[in-house]
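Q: Could we go through a structure together? I would like to begin with general matters and then turn to details.

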Amino acid sequence: MTAPSAVRTASASGGGRTKSKSWLATVPLLAFVILIFGVPLVIILGGTFKREGAFSAANITESLQGAYLTALLGSVKLSALVAVVGALLGTFLAQAVVTSRFRLLREAVLTASGVLSNFGGIPLAFAWIATLGNSGVITKALGLDSAGWSLYNFWGLALVYLYFSIPLMVVVVVPALDGLRPQWREAAQNNGANTWQFWRHVGIPVLTPTLLGGVVLLFGGAFAAYATAAAMVGGTVPLVTLQIANALSGNVLIGHENVALALSLDMIIIAGLVMAVYLPLQRRSARWLR
Amino acid sequence: MNGAKVELRGLRRNFSGTAALDGLDLTIESGELIALLGPSGCGKTTALRCVAGFEQPDEGAVLVDGKDITRVPANKRDAGMVFQSYSLFPNLNVRDNVAFGLRVRKVPATKRHARAQELLELIGLPHIGGRFPHQLSGGQQQRVALARALALEPRVLLLDEPLSALDAKVRVSLREEIRRLQLSLGITTIFVTHDQEEALSMADRVAVLRAGRLEQVADPATLYDRPATPFVAEFVGTMNRVPGRIEGDQVAVLGQTLPVDGDLPGTPDVDVLIRPEAVLLTPDSEADGMVLVSSFRGSTAQLRVQLGDIEVLADVPGHDSVRLAPGTRVRVKLVERPVLVSASSGATTPATAPVPEHDVV
């Protein structure tokens, strides 16, 4: 996001350097992407529009109806909620840590965030089930079950997803908060601005490119998550990843196997739509960087 | 616009046990440019920040036109400030940076843009209103910061080493411009710097600080010619420390007897403080002085002269450096005028850093 200006000057001024062989270093990655991302994409596209050997849009149509549509919308709803709430709470937590005078607290929170942002899958589900599940330690100790508490619904899942999303936001936003120079705040004060006016006119606009990036990252993480949800809620909360797994394991009508591929394509399109909103916003918010 | 009178009264400020300000008293007259000069850690920046409101003194008061503003929050004070560097808001273009204070005060856009343009013309950059800070050179950024500091027509201008991050040429031209603007606006200005040349060339008066206290405040010529203490003498300009001996109210040094300026230390053996330009050299093959190193500076040359077991620095006109080349025997004479003395430190070297070898002519 900050790179373009540097890249442009380098390529404009250093004519000799553009002929270097440095692009060779990217070959392994690009080859890997083509193999592991490109080939499946071709298979998805090919399979989605085929039913019983003939070209057909039936799979796509079916993937946007009934339970499949509910699952798709459920995933979008859950991911959007986790992205927005996670970004907000993560940013507040990061700001609290960055402005704290306790060096140790900062180190502790950043280390914990680094670990927890990578916490996922079955182990995460187990940790929550053991703690706040129907027979969880805290559920029993506090008698939450008799109060109607359940972890195995939409809000429970959102809570668990936030458990790795908030730390991820902290990791993303701390460098940006560290980059806010104290002189900017003092210069704003010197010009008569109060704290809120500083944040409104300077702090938040400077952070916006990072915050937007964080929201998209959190959305993507929640949207693609599968194992935690599968272990926790099985089929009780409709999610598109659970439906795909269902379809892959043969839990569909005969001849409708390719619906899983159509659902995958739906996911790619939704991710594309998110990027279509994100990129112009990002470009607009970062125009002072170019 | 009329500058305000600023008074610092007994300012004290401690940072985890270290006193940054230790009872600082200073009065800055209306419309005056005063430079706060001193080594790092002397408290000059802390004093400035107390006036800006970014620092609260533990004791003492800041008065502007007789009104105590010590507890007034920074955003309610009538003082514009220019920071060391990188203080422009990166997300706002130059025009919006300059007009920031007006925007906060809800001045309509057309009016504040007109004012911003007026200020950009004042600083000689009328065409850069649409650019972002990272597209400007360091000198331009500091000019814009100056325009922003002046936008609200403050009665006090605070400059916190605004030139220290700039290269030498820009520094000189910008300091002249700041002075010109300050004089034409008549704004009371406090200028923090560790660069004595900057302080001497710009300020009406220079306040030399040391360990949070005022060492001397005087106009530049007085400060240079009649430093009140050995610390000021050695901090401002270059000084030789030459061993001497008190004889009555005079001091014997290098075979001459000179009157003593200021206090006499208790001991008869003293260091006599002598400016390099007060050391006169005449080539003389019989004399016991010898030029060791010559460092040419254009209009002048600074020579390092061996004299028995001591060395002294002497400034001579640049064109004299040829006949006073290294190896030349010279007679050393001191200009007849009162000198400062301090208790002997035992050191016999000049107060400045040694002249590097590659400067040899």
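The conversation below goes through the chains, the contact between them and some helix packing.

Q: Before anything else, is the model predicted or experimental?

A: It is a predicted model.

Q: What is the mean pLDDT of chain A?

A: The mean pLDDT of chain A is 87. Of the residues in chain A, 93% reach 70 or more.

Q: Where in chain A is the pLDDT below 50?

A: Residues 1-16 of chain A have a pLDDT below 50. Beyond near neighbours in sequence, that stretch has 10 contacts in the model. Where pLDDT is low, the predicted coordinates should not be read in detail.

Q: Understood. How many helices and strands does chain A have?

A: Chain A has 13 helices and 2 strands. Along the principal axes, its C-alpha atoms fill a box of roughly 70 × 65 × 30 Å.

Q: And what share of chain A is buried?

A: Of its 290 residues, 30% count as buried. As for contacts between residues at least 6 apart in the sequence of chain A, 76% join residues at least 24 apart.

Q: Now the other chain. How many helices and strands are in chain B?

A: Chain B contains 9 helices and 20 strands. The C-alpha trace of chain B spans about 80 × 45 × 35 Å along its principal axes.

Q: What is the buried share there?

A: In chain B, 43% of the 361 residues are buried. Taking the contacts of chain B with a separation of 6 or more, 69% are between residues 24 or more positions apart.

Q: How many residues of each chain are in contact with the other chain?

A: The contact involves 19 residues of chain B and 16 residues of chain A.

Q: Which elements of chain B supply at least two residues to that side?

A: Both β6 (79-82) and α3 (100-104) of chain B do so. The most comes from α3(B), with 3 residues.

Q: What is the breakdown by class on that side?

A: The side of chain B that touches chain A has 12 nonpolar, 5 polar and 2 charged residues.

Q: Let us change topic to helix packing. At what angle do α12(A) and α13(A) pack?

A: Helix α12 (residues 240-248) and helix α13 (residues 259-285), both of chain A, pack at an angle of about 155 degrees. Their axes are 8 Å apart. The two helices are therefore roughly antiparallel, and their crossing is left-handed.

Q: Which residues meet there?

A: From α12(A), the residues are V240(A), Q243(A), I244(A), A247(A) and L248(A). They meet V259(A), A260(A), L263(A), S264(A) and M267(A) of α13(A). By class, the residues of this contact are 8 nonpolar, 2 polar and no charged.

Q: How does α2(A) pack with α13(A)?

A: Helix α2 (residues 27-48) of chain A packs with α13(A) at an angle of about 120 degrees, and the axes are 8 Å apart. That angle makes α2(A) oblique to α13(A). The crossing of α2(A) with α13(A) is left-handed.

Q: And which residues are involved in that contact?

A: I44(A), G47(A) and T48(A) of α2(A) meet L261(A), A262(A), S264(A) and L265(A) of α13(A). These divide into 4 nonpolar, 3 polar and no charged residues.

Q: Which residue of α13(A) is listed in the contact with α12(A) and also in the contact with α2(A)?

A: S264(A) is listed in both contacts.

Definitions and conventions:
Residues numbered from 1 in each chain as written. Chains lettered and ligands numbered in written order. Predicted model: local features only at pLDDT ≥ 70, side-chain atom pairs only at ≥ 80, totals over all residues. Axes fitted to C-alpha atoms, helices over the stretch in contact; angles between N-to-C directions. Helix = DSSP H or I, 4+ residues; strand = E, 2+ residues; numbered from the N terminus. Parallel < 35°, antiparallel > 145°, perpendicular 65-115°, else oblique. Left-handed = near helix turned anticlockwise from the far one by under 90°. Contact = placed C-beta atoms within 7 Å. Nonpolar A, V, L, I, M, F, W, Y, C, P; charged D, E, K, R; others polar. Buried ≥ 20, exposed ≤ 12 C-beta atoms within 10 Å, placed from the backbone. pLDDT = per-residue confidence, 0-100.
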